[in-house]
Amino acid sequence: MGQGLLQLYRKELLLLEEKSNRRNLPDIIHQGRKVIRQDKQMLNLSSNDYLGLASNLSLRKAFLENLTPDNFLPSSSSSRLLTGNFTANRELEELLCRLFESESCLVFNSGYHMNTGILPAVSDSKTLILADKLVHASLIDGIRLSTAKFGRYKHNDYEQLEALLRKNHAEYERIIIVTESIFSMDGDEVDLRKLVTLKKLYPNIMLYVDEAHAIGVRGAKGLGCAEEQGCMTDIDFLTGTFGKALASVGGYIICRKVIREYLINKMRTLIFTTALPPVNLMWTRFVLERSVCLTDKREYLEKISNRLREQLIAKGYVCPSTSHIIPMMIGGSRETVQKAEQMQQKGFYMLPVRPPTVPEGSSRIRISLTAAICAEEIENLIALL
Ligand SMILES: *Cc1c(COP(=O)(O)O)cnc(C)c1O
């Protein structure tokens, strides 16, 4: 390899550095709801552990009580289509079907596998995918891997979406609308009932919803915005991750049986990868079962989120959020990095989000609240903003 080749990469990194957009892996030690970096202890305001379950020691203790060398299986050693399909997989899927009152579901290795795998599997060149402008990178990657035609509509712009559906429905065999329920970067949410109404305009439209930030957090049983808005059975591809509020790892789809069968036959990120370790699947089931009755935590999270949002707006920040994901909009990458460092000095671990994750000029500090944060800590944070 010529030195010139490495030099090209160094140059690119320098360019990122100059724009304050260079990233690194932070060296941090986790201590429950706190993190320690460079000997400084900070409250973690950047975690996706929305219900505080991942940092909950007694939950882990309770799980370990049922674990023995016999049932502690740290690897599945194979794809689910070969010998990697353990009882733990079936038991988790049975629980999901029961909770969602669905005829079928399927578990994947991660939300990233899920989004990059489902869309290429269920679409072809006679398919049009219409995605919200702000959908997560994993959905964009899934769309790119597909052979479908692809269009984007302005964020939550239902009128534009309706116009696109009217214009295109006769040209394609099927149209798939793709959205998140709570959006990862702005923390605002979609009107799922409205999307269901739009999808019902024509018989060849399907709806794909990613509930990554809503599962565990929204709905009476914590099943997400679809439960909250009473439209679970109207969503063709109801998906989410176990990696956030549910304190584990993996992704899932709630769907009709034929979709599950089809995915098992066509979905490359399910077929060509080693299945999740049975011990992870057991842990996911353990947490999911318990998350159903955590209404108090969900209500508390909503309460502190409302308080922080109100105060941000009172201090003059623009705040699109309606959830526990609360961006502090700043604009330039440099100012955002500086502000984040300031807040870290004061004991709050908040991280900047910069391009290309968000559009140029819309850098922000992304605060994600969890139910493990106490009201007093929120007040201290507000006083410093
Ligand atoms: C985090 C996230 C994913 C990825 O899920 P993982 O399980 O972490 O791979 C997918 N979609 C959205 C909207 C996310 O925020």
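The legends below describe close-up views of a predicted model, beginning with the ligand and its surroundings and continuing with helix packing and two backbone features.

**View 1. Residues that surround the ligand in the predicted model.** The shell around the ligand is made up of 13 residues, of which G111, D210, H213, T241 and K244 come nearest. Sorted by character, the residues of this shell comprise eight that are polar, three that are charged and two that are nonpolar. Helix α4, which spans residues 111–122, supplies three residues, and this is the largest share of the shell.

**View 2. Polar atoms of G111, T241 and N115 beside the ligand.** A polar backbone atom of G111 lies 2.7 Å from an oxygen atom of the ligand, and an oxygen atom of the ligand is likewise found 2.7 Å from a polar atom in the side chain of T241. For N115, a polar side-chain atom is placed 3.5 Å from a nitrogen atom of the ligand. The ligand taken alone would expose 380 Å², and the protein buries 83% of that area.

**View 3. Packing of helix α4 against helix α5.** Helix α4, the element that gives the largest share of the ligand shell, packs with helix α5 (residues 137–145) at an angle of about 30°, their axes being 7 Å apart. The two helices, α4 and α5, are therefore roughly parallel to each other, since angles under 35 degrees are counted in that class. The crossing that α4 and α5 make is right-handed.

**View 4. Helix α11 with helices α3 and α2.** The axes of helix α3 (residues 87–100) and helix α11 (residues 278–291) come within 8 Å and cross at roughly 25°, so that α3 and α11 are roughly parallel to each other. In this pair, α3 passes α11 in a left-handed crossing. Helix α2 (residues 57–64) also packs with α11, at an angle of about 125° and with the axes 11 Å apart; α2 and α11 are therefore oblique to each other, and their crossing is right-handed.

**View 5. The backbone at D39, in a loop between two strands.** D39 belongs to the loop that links β2 (34–37) with β3 (40–44). Although D39 is not a glycine, the phi angle of this residue is positive, at about 65°. As a general background, most residues other than glycine have a negative phi.

**View 6. The cis peptide bond between P355 and P356.** The bond that leads from P355 to P356 is cis in the predicted model, with omega near 10°. Most peptide bonds, by contrast, are trans. P356 lies in the loop that runs between β13 (351–353) and β14 (363–368).

Key. Residues numbered from 1 in each chain as written. Predicted model: local features only at pLDDT ≥ 70, side-chain atom pairs only at ≥ 80, totals over all residues. Heavy atoms only, no water. Near = heavy atom within 4 Å. Polar contact = N/O pair within 3.5 Å; in protein donor to acceptor, adjacent residues only side chain to side chain. Areas by Shrake-Rupley, 256 points an atom, 1.4 Å probe, with all protein chains shown as cover. Helix = DSSP H or I, 4+ residues; strand = E, 2+ residues; numbered from the N terminus. Nonpolar A, V, L, I, M, F, W, Y, C, P; charged D, E, K, R; others polar. Axes fitted to C-alpha atoms, helices over the stretch in contact; angles between N-to-C directions. Parallel < 35°, antiparallel > 145°, perpendicular 65-115°, else oblique. Left-handed = near helix turned anticlockwise from the far one by under 90°.
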